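Biologist: I should like to learn how to read the features of a protein model. Please take me through them one at a time.

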Amino acid sequence: MAQKSQEKGAAGGAPVVTEPARIRNVVLVGHSGAGKTTLVEALLAASGTIARAGDVAAGTTVCDHDPAAVRQQRSVSLACAPLLHDGIKVNLLDTPGYADFVGELRAGLRAADAALFVVSAVDGMDAATAALWEECAAVDMPRAVAVARLDHPRADFDEAVALCQRVFGDNVLPLHLPMLGDDGVSTVGLLGLITRRVFDYTAGLPAQVREPDPEHLPAIVESRDELIEGIIAESEDESLMDRYLSGEEIGTDVLVEDLEKAVARGHFYPVVPVCAATGVGLDALLEVLTAGFPSPLEHELPAVTGVDGSPRPPLTCDPDGPLVAEVVKTTVDRHVGRVSLVRVFSGTLRPEQTVHVSGHGMAERGHPDHDADERVGHVYTPLGASLREVGACVAGDICALTKSGSAETGDTISAKDDPLLIAPWEMPEPLLPVAVVAHSRADEDALARNLARLVAADPTLRLERNPETHQLVLWCMGEAHADVVLERLRAGGVQLDTEPVKIALRETLTVPATGHGRHVKQSGGHGQYAVCDIEVEPLPPGAGFEFVDRVVGGAVPHNYVPSVEKGVRAQMARGLVAGHPVVDLRVTLVDGKAHSVDSSDAAFQTAGALALRDAAEKGQPALLEPVDEVLVRVPDSSVGAVMGDLSGRRGRVLGTEADAEAEGRTVVRAEVPATELLRYAAELRSMTSGTGTFRRHFVRYDPMPAHLADQLRTTTPTTHP
């Protein structure tokens, strides 16, 4: 994997390949601010894809074209930027580093065959990046590390490498060392460890290659020995180590070949120092991406079934095979309409082709199962927001389609005569609710249309129309995600407001009581006459409602007993104290009076309701709040803080156990009132530096503390998400 001279194509030309072997799909991951987008921009400029690199601060980069990304100066969505190097097309997938946009990261991992971890030489890495490395290791995804931001005054390459080795493992070894300039601070070149050559970038790209100076030799020799031993340890040639230990000089070609094989298998992880601002290391990194990372032919493809769930044989990355592609991202462009970013796993996607679009398994997220036949219009190669038309997209490549009427993120595109379904990738559950309301009645239609588009594009966004609170609730990944969603709605011409999320409470009576309901009116003609007496007693939690008829002597005619029950049920639905539904009661009708002319079904319904309200004044009514069971997964170091926080939320910790899914993490199980969890997604992230996750599910209703209930009795009803 020795450096080669940089091959540049015409700026702005769309790279087109027809063989999967000449494609590399690489996802860039790393924490927010590590320099991923800046690095992609520099690689595009270095390869001649764009004439000049843009700037994140100025909002002129290819990948951060979303207005929210420009405003926040950080990536908020997945972007694809292909380039051509040595005849190889590299689809760079730039992902957001902020935890709120993990859905975009998941989509990037799905579309990629290898991962480039971008680690800042200034700030190191966060715990989420370390966890993602383990996730990639679980599926043997090939990985490499780019240590970026070497131009910063506080950059420390050696410390960054040492950190990577502590977190990622011993097989993380640099292929080059930074070479400092005469000022002893700036990085002006690289010391190639395999070639034992100096790559001098003083005059820019391509680097000038020369022999190392005497002062460089000790560092090269020490690091080169460690690198060669790491390469040989992963070599398929078992005799290579013996030859090396006996003093034989192993040829550069042999080392490079074994290195490329080890990287492609996901067993060795090269580190490349890069500086996007000066161009140092960009050609070395391109060499790793094209020569070291595998083509789609070498990557295991996702499982497929028939649309009905019937088993199908495994896919192969064959341009002549059955068409199977996946929509990894959907966006809605104001001018173009719906744009679908598609990874083709098998077959070839061509313009004017009729395909089948299937989306299954996301109904609980607001994406009903759907199947439709659609005609593909044009096929494009995306470069950020710009689309460049191409003649076809072969297996292993990534393209963009426009104006699809039904395609949503996660949908499968397959042949019309043999529709298939790809197993969906894992998506996190949105847990931060935001209630939105149209600013005026005129905005309601626009809000509904724009929400439908956003939900179709973002599977981490869940839309809930709560039937009890009548609120429209957007469930988001966090505050930053919510900000982007609201900004996109407003950019679509929707005037909207947010309001506090309401929690669905319940009411009940805590002691037995009696109630008298008398509804007597006379206003000419037939009047209204109904009297009933009831006994009310509380039932155990979750028991529901029981109605018992114990009337004797026909005090309440038999045909009006159901009317009393209907009136009681209606009053329970309306609430007794604060307007919340009443639960867990037994109501017994014991007596009453009727009139031969003036009694009616409506009159006894009203009397039943009045009787229950009368009983409520004596039955010590109480508010009940929903309680959720919460499973919180956190690093061991955060367990104490999380348990203390849960207790402060009126939670009851049920226990802890080691996380079976990840070493060094603990699962905390607790029961917490839902009213205390509205902002828990954001607060847990802050408490654990973005490494904590949680799941929740409803378990029961419990009495609300008196001081909190008193605050709510005079307010409007609140509801459970």
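Biologist: Where is the place of proline 206?

Modeller: In this predicted model, helices (H or I, at least four residues) and strands (E, at least two) are DSSP runs, numbered from the N terminus. Proline 206 sits in the loop between β9 (197-200) and β10 (208-210). A cis peptide bond joins leucine 205 to proline 206, with omega at about -5°.

Biologist: What conventions should I keep in mind?

Modeller: Residues are numbered from 1 along each chain as its sequence is written, and side-chain values use heavy atoms, with hydrogens and water left out. Because this is a predicted model, local features need pLDDT of at least 70 and side-chain atom pairs count only at pLDDT 80 or more, while totals for chains, interfaces and linings use all residues.

Biologist: How many helices and strands does the protein have?

Modeller: The secondary structure comes to 16 helices and 36 strands. The C-alpha trace spans about 115 × 60 × 50 Å along its principal axes.

Biologist: What does "buried" mean, and how many of the residues count as such?

Modeller: Buried means under 20% relative accessible area, exposed over 50%, and partly exposed in between (1.4 Å probe, protein chains only). Of the 721 residues of the protein, 54% count as buried.

Biologist: Which residue that is not a glycine has a positive phi of about 55°?

Modeller: That is aspartate 140, found in the loop between α4 and β5 (143-148). Its relative accessible area is 49%, so aspartate 140 is partly exposed. Aspartate 584 is not a glycine either, and has a positive phi of about 60°. Aspartate 584 belongs to the loop between α12 (561-574) and β32 (585-593). With a relative accessible area of 9%, aspartate 584 is buried.

Biologist: How should I read the pairing of β25 and β26?

Modeller: Two strands pair if DSSP finds at least two bridges between them. Here β25 (residues 462-465) and β26 (residues 472-476) pair in the antiparallel sense over four bridges. Leucine 463 stands opposite leucine 474 in β26. The two strands form a hairpin with six residues between them, and histidine 470 in the turn has a positive phi of about 60°.

Biologist: What is a salt bridge, and how many are there?

Modeller: A salt bridge is a side-chain nitrogen of Lys or Arg within 4 Å of a carboxyl oxygen of Asp or Glu. The count by this rule is 39 salt bridges. One of them joins the side chains of glutamate 135 and arginine 106 (2.0 Å, N to O). Glutamate 135 lies in helix α4 (residues 127-138) and arginine 106 in helix α3 (residues 102-111), so this pair ties together parts that are 29 residues apart in sequence.

Biologist: Which residue forms a salt bridge with arginine 110?

Modeller: Glutamate 326 does, with the closest N and O atoms 2.7 Å apart. This pair links distant parts of the chain, with glutamate 326 in strand β13 (residues 324-333) and arginine 110 in helix α3, 216 residues apart. Both glutamate 326 and arginine 110 are buried.

Biologist: Which residues are linked in a network of salt bridges?

Modeller: The network links Glu479, Asp645, Arg649, Arg679 and Glu683.
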